[in-house]
Amino acid sequence: MTHSPTNTTDTTDLHFAYASDPPDVERFDVKTLTPGELLGRPCAFAVIGQSHLVSAPALDYHEVCSCDPLPAAASQTTALDPGASGRVAFESDAVRAETTVRVEPLSAFPGAAGADAAFRFGPDAWTTVAVDDDGAGYETYHTYPERDASVRTETTLTLTGADSTAPNPEGERPAEGRR
C-alpha cells in the first residue's frame, strides 16, 4: 500500500518496526536508494512503495516504516489522525534509537529540497529522509494529501556498548532535526 493518488485504499495507520537484523529488501518496492552515514558508519536510506527503510548494518540498526503492519520486536503504530503522536525506542549492541512520531497538517511539510532521499508519489504525496548535520539522527516526512496530513518523525541515535567510546568526528552534541 502506498500513499499514491491512484491508490483507492485510505491509509489509516503508519507502522514503524526496528530490528538488529536487516530486512529482506527484495520484499519492498524500492523507489529510490541513497547511501549515507549515521554516527560515522555507512548506511542506506530507501524510499519504498510502503514508505521508507533505513539500514545501518554496522550499527545493527534497521528501521522500516510502512502503511502495512510490520512484525518486529520493537514497533509502533501511529494513527493518521490530526495531532496524533507516538514514541518508540530500540537498542542493539551498537546503538540506541529514539523516534518521535507526530501527525501534523499537510502544510507542515517543508518540501523535498533539503532531503537526502525523496520520492514523489503524486501531487503533494511525498516521502523524504533528511540526515541531521551531525549524522546522529534523521527526520522523515510522509505526506497524505487525501487526509491533509504530514507524518513527521525525528530519530536520534546514540552509540552503546564498546562503540560508545569511539570518537565522534563531529564532537559530542545532541542531534538537531532539520526544520
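A residue counts as buried when its relative accessible area is under 20%. That cut-off is applied throughout this tour of a predicted model.

**The whole chain**

Begin with the complete protein in a cartoon representation. Its secondary structure comes to zero helices and twelve strands. Of the 179 residues, 47% count as buried. Among the contacts with a separation of 6 or more, 59% are made by residues 24 or more positions apart. Switching to a surface representation shows an accessible area of about 8,300 Å², with 48% of that area belonging to carbon and sulfur atoms.

**The six-stranded sheet**

Next, select strands β7 to β12. They form an open sheet of six strands, in the order β7-β8-β12-β11-β10-β9 and with antiparallel pairing. At the edges are β7 (85–91) and β9 (117–122), each of which pairs on one side only. From one strand to the next, the twist averages 10 degrees.

Within this sheet, isolate residues 125–131 and 137–144. These are β10 and β11, antiparallel strands joined by five bridges. One position to label is valine 129, whose bridge partner in β11 is threonine 140.

**Tyrosine 138**

Remain on β11 and select tyrosine 138, which lies in that strand. Is this residue buried or exposed? Its relative accessibility is 1%, so tyrosine 138 counts as buried.

Now display its surroundings. Beyond the neighbours within four places in sequence, the contacts of tyrosine 138 include Leu38, Val54, Val129, Thr153 and Glu154. Threonine 155 is also in contact with tyrosine 138; the two are 17 residues apart in sequence, and their C-alpha atoms are 5.4 Å apart.

Two side-chain pairs merit distance labels. The side chain of tyrosine 138 makes a polar contact of 2.5 Å with the side chain of tyrosine 61. A second polar contact, of 2.9 Å, links the tyrosine 138 side chain to that of glutamate 63.

**Strand β5**

Follow those two contacts to residues 61–66, which make up strand β5. Six of its six residues are buried, so the strand is largely enclosed by the rest of the structure. In a regular strand the side chains alternate between the two faces of the sheet. Colour the two faces of β5 separately: Tyr61, Glu63 and Cys65 are on one side, with His62, Val64 and Ser66 on the other, and all are buried.

Which strands should be shown beside β5? Strand β1 (residues 13–19) runs antiparallel to β5 and is joined to it by five bridges. Here histidine 15 stands opposite serine 66. Strand β4 (residues 51–56) also pairs with β5 in the antiparallel sense, over six bridges. In this pairing, valine 54 has glutamate 63 as its bridge partner. The hairpin of β4 and β5 has four residues between the strands, and aspartate 60 takes a positive phi near 50 degrees there.

**Serine 150**

For the final stop, return to the six-stranded sheet and select serine 150 in strand β12 (residues 149–159). At 0% relative accessibility, serine 150 counts as buried. To see what surrounds it, display the residues that serine 150 touches, not counting those up to four places away in sequence: Arg102, Val103, Glu104, Pro105, Leu106, Phe109, Tyr141, His142 and Thr143.

How values were computed. Residues are numbered from 1 along each chain as its sequence is written. This is a predicted model: local features need pLDDT of at least 70, side-chain atom pairs count only at pLDDT 80 or more; totals for chains, interfaces and linings use all residues. Side-chain values use heavy atoms; hydrogens and water are left out. Two strands pair if DSSP finds at least two bridges between them. Axes are lines fitted to C-alpha atoms, for helices over the stretch in contact, and angles run from 0 to 180 degrees between N-to-C directions. Buried means under 20% relative accessible area, exposed over 50%, partly exposed in between (1.4 Å probe, protein chains only). Contact means heavy atoms within 4.5 Å. A polar contact is a pair of N or O atoms within 3.5 Å; within protein, one must be able to donate a hydrogen and the other to accept it, and residues adjacent in sequence count only if both atoms are side-chain atoms. Accessible areas come from the Shrake-Rupley method with a 1.4 Å probe; for residues, only the protein chains shown count as cover.
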